[in-house]
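Work through the exercises below with the sequence and the model side by side, and try each task before reading its solution.

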Number of protein chains: 2
Amino acid sequence: MRNCDKRAQSKPTFKDSPMAPRAASKTAESSDKVGVICRALRRAIIEQALEPGAKLPEDSLGERFGVSRTIARHALGQLAAEGLVELRRNRIAVVATPSWQEARDAFDIRIELERLVVRQLAGKLTKSQVAELNAHVDAEDRARDGTDAVSIRLATEFHILLANMTNSPILVRYVSEVAYRCCLTLSLYSRPHSSECAINEHRAIIAALVKGDEAKVMSLMHSHLDSVANRALVAPAPQRGRDLLDILAPYAEEGEGKRVVKLPKVVRAR
Amino acid sequence: MRNCDKRAQSKPTFKDSPMAPRAASKTAESSDKVGVICRALRRAIIEQALEPGAKLPEDSLGERFGVSRTIARHALGQLAAEGLVELRRNRIAVVATPSWQEARDAFDIRIELERLVVRQLAGKLTKSQVAELNAHVDAEDRARDGTDAVSIRLATEFHILLANMTNSPILVRYVSEVAYRCCLTLSLYSRPHSSECAINEHRAIIAALVKGDEAKVMSLMHSHLDSVANRALVAPAPQRGRDLLDILAPYAEEGEGKRVVKLPKVVRAR
DNA sequence: GGCCCTCAAACTGCATGCAATTGAGGCGCT
DNA sequence: AGCGCCTCAATTGCATGCAGTTTGAGGGCC
């Protein structure tokens, strides 16, 4: 029961990532302790050390990070606001388990946001920024031999790195959030880890950005994300050992096969 | 010094708004107490009872809402995550004061998100949904005689109501957040309250939605939001009595009139 | 008169303690 | 053996208390 926290931190890579400065400038988490926990948990989730549904008891967290429950609780609140964690009253917090439809929605939003990113960036990158991007993709390349976890994280961080270059804190925040959510999704629905997020597509995007072709880079980004989504979300088949009640939920109701009409929250809340 | 909280709640309209059910289904705030505070403060901010820069001391808040600082603090954390509140370590929290550039960025994002909303909704609204929308716009109409505060709130809530109809929690969340931020912005930069958010444009959007013309409704929404933004953000002229240090900031630096290159955080953080 | 220094009040950061809720195992009953 | 009830450990919800930091106001000094 209190196993999850161990994996949360003691796992592998816990030193600063190239992304670290980003998070530091963010919203509420600059308060240090809370921020540390948030970043660690995000990282653990993104690297799939923490699977969807994993329990996150406040005191285990606090103990693990050397803070009181109060702080751990606050951190969980932040992560819940980002949609990475589910908080049910009087119940242990768990890593969020987005439904298939939510996953699809997240990708739709992500596509729009990231199109905005590259639109703003097209032709406006400095030399050092281009170098930074290339270095990152090189790192992705190198990580192909390593664990999937690192690959996934690097792929996601590429997109966040891009967003960062817009210098728009709001855009950075939303892109990061939605990217994390998509990551979470991937770990739920794309078992064989089909992706690697297509390193070549990343390179193509950089090239188009440098060239300054707005339309081109927007469509590249669009199809890139679309293919990532499709590789993962081909069919709404969330058959995964856990939480069989969720699996059964669709069969409890009969009608409404429509796309927009999602099954009412009630069913899942049961 | 402890005046802000009084206005936060004792002011006017504190009963449930037609939006209330939305917020209840949201992220972490279902924990009741925290949620109540968040909603109240959001409301106060959106109705400009709380101006940007207004102080929000934890204990005043707690006292006012009959909870301990712990809870007030948690609520502030949530609002900070949404960008409505600024949290500086060891300092009193204040209502956020977005820079002109941030405001512009927020509107850009909002445009994309709301285009997505109407794209998903075009031609798919049920009769009762259309009725609900019309009723809301009627309410906006009626509120023209009332205070600006209510008009602004209703105008914003129209957009949130639309987002709600997509049944995509993520989209709802982002649209709400960014709409609130834009509202905040409006209260900063558009003094004479030039807008009313164009009730007729709202009607036009509903009509196009019913007709199901995707392209049309997307462009309508785009120009609608664009005009709202432009009415407010014509010039980066944040001359407002408060915080004259912020006003002086641009004059402290000489160069960099570029658009993407924003003045580094340092200047404002001073 | 203006400036700086000092100090106390105000406020935040955080831990801890207590009450309430949950859910899981154990016990008895059938 | 199966079923349900009951009790208790685990856990959350929340308030309070203490320590450290910021603020701003008064007083002394130039």
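**Exercise 1: the DNA surface**

A polar side-chain atom of A:S68 lies 2.7 Å from a phosphate oxygen of DNA strand C, a polar contact in the sense of a pair of N or O atoms within 3.5 Å. This is a predicted model, in which local features need pLDDT of at least 70 and side-chain atom pairs count only at pLDDT 80 or more, while totals for chains, interfaces and linings use all residues. Residues are numbered from 1 along each chain as its sequence is written, chains are lettered from A and ligands numbered from 1 in the order in which they are written, and side-chain values use heavy atoms, with hydrogens and water left out.

Task: determine which elements give two or more residues to the surface near DNA strand C.

Solution. Begin with the polar contacts: a polar side-chain atom of B:R73 lies 2.4 Å from a phosphate oxygen of DNA strand C, whereas an N or O atom in the side chain of A:T70 is 2.9 Å from a base oxygen of that strand. The elements sought are helix 5 (69–82) of chain A, together with helix 4 (58–65) and helix 5 (69–82) of chain B; helices are DSSP runs of H or I with at least four residues, numbered from the N terminus. Helix 5 of chain A gives the most, with three residues. Altogether 19 residues surround the strand, near meaning that a heavy atom of the residue lies within 4 Å. Of the strand's atoms within 4 Å of the protein, 69% belong to sugar or phosphate and the rest to bases.

**Exercise 2: a glutamate in helix 9**

Task: decide whether B:E177 is buried or exposed, and list what it touches.

Solution. First locate the residue, which is in helix 9 (residues 169–189) of chain B. Next take its relative accessibility: because the value is 3%, B:E177 counts as buried, the term for under 20% relative accessible area, with exposed over 50% and partly exposed in between (1.4 Å probe, protein chains only). Finally, leaving out residues up to four places away in sequence, B:E177 touches A:R173, A:Y174, B:A81 and B:E82, where contact means heavy atoms within 4.5 Å.

**Exercise 3: the cysteines**

Task: explain why A:C183 is not bonded to A:C182.

Solution. The sulfur of A:C183 is 8.1 Å from that of A:C182, its closest cysteine sulfur, and therefore too far for a bond; a disulfide is a pair of cysteine sulfur atoms within 2.5 Å. Over all chains, the structure holds zero disulfides. B:C182 is likewise in no disulfide, the nearest cysteine sulfur, that of B:C183, being 8.1 Å away. With 0% relative accessibility, B:C182 counts as buried.

Key:
A polar contact is a pair of N or O atoms within 3.5 Å; within protein, one must be able to donate a hydrogen and the other to accept it, and residues adjacent in sequence count only if both atoms are side-chain atoms.
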